[in-house]
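Colleague: Walk me through this model, please. Keep it brisk.

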Amino acid sequence: MDTAYYEDVAGKLRGLLIRLSDRLQRTDQILIAEFIDVNELGLALEQMADVLSEDEQPLSAEERSDMLAVAEQMDVGDRVSRALASCPN
């Protein structure tokens with residue numbers, strides 16, 4: 001994978017983090033941002049999905065679709081989709 005790929009995915013994750021910040025605790029936001037900063041992009045996405053699902057936070061269809069698209073782009077398996085199943089629309 002090249003630098004442009006990582007920058008693209010990191011940018012998408014940062015955008016999701018901003019969009020979902022009203023549903024994430026500040027400590028979770030900091031941890032996820034740190035994962036992105038150190039290029040642990042899969043871990044950042046999984047953590048975001050896990051935290052949202054633990055609190056059963058609602059997601060719009062667009063937010064869910066965007067998270068699943070990033071998971072597919074990174075080929076991280078179905079952990080994200082399983083976690084998001086707990087998040088109502």
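Modeller: Helix packing and two buried side chains follow.

Modeller: This is a predicted model, with local features needing pLDDT of at least 70, side-chain atom pairs counting only at pLDDT 80 or more, and totals for chains, interfaces and linings using all residues. Residues are numbered from 1 along each chain as its sequence is written, and side-chain values use heavy atoms, leaving out hydrogens and water.

Colleague: What span does helix 3 reach from its first C-alpha to its last?

Modeller: Helices are DSSP runs of H or I with at least four residues, numbered from the N terminus. Helix 3 covers residues 41-54, 14 residues in total. The expected span is 1.5 Å times one less than the number of residues. For helix 3 that expectation is 20 Å, and the span is close to it, at 20 Å.

Colleague: Why is helix 3 described as largely enclosed, and which helices do its buried residues pack against?

Modeller: Buried means under 20% relative accessible area (1.4 Å probe, protein chains only). In helix 3, 10 of the 14 residues are buried, so the rest of the structure largely encloses it. Among them are Leu41, Met48 and Leu52. Their packing partners, with contact meaning heavy atoms within 4.5 Å, are helix 1 (3-19), helix 2 (26-37), helix 4 (61-74) and helix 5 (79-84).

Colleague: How are helix 1 and helix 2 oriented to each other, roughly parallel or roughly antiparallel?

Modeller: Axes are lines fitted to C-alpha atoms over the stretch in contact, with angles from 0 to 180 degrees between N-to-C directions. These two axes come within 10 Å and cross at roughly 170°. Angles over 145 degrees count as roughly antiparallel, and those under 35 as roughly parallel. Helix 1 and helix 2 are therefore roughly antiparallel.

Colleague: Which residues make that contact?

Modeller: Helix 1 gives Ala10, Leu13, Arg14 and Leu17. From helix 2 come Gln29, Ile32, Ala33, Ile36 and Asp37.

Colleague: Which residue's backbone oxygen lies 2.9 Å from a polar atom of the Gln29 side chain?

Modeller: Gln29 sits in helix 2 and is buried at 14% relative accessible area. Not counting residues up to four places away in sequence, Gln29 touches Leu17, Ser21 and Leu24. The backbone oxygen at 2.9 Å belongs to Leu24.

Colleague: Which backbone nitrogen does the Glu63 side chain reach?

Modeller: Glu63 lies in helix 4. At 9% relative accessibility, Glu63 counts as buried. The side chain of Glu63 comes to 2.8 Å from the backbone nitrogen of Ser60.

Conventions: Buried means under 20% relative accessible area, exposed over 50%, partly exposed in between (1.4 Å probe, protein chains only). Angles under 35 degrees count as roughly parallel, over 145 as roughly antiparallel, 65 to 115 as roughly perpendicular and the rest as oblique. A polar contact is a pair of N or O atoms within 3.5 Å; within protein, one must be able to donate a hydrogen and the other to accept it, and residues adjacent in sequence count only if both atoms are side-chain atoms.
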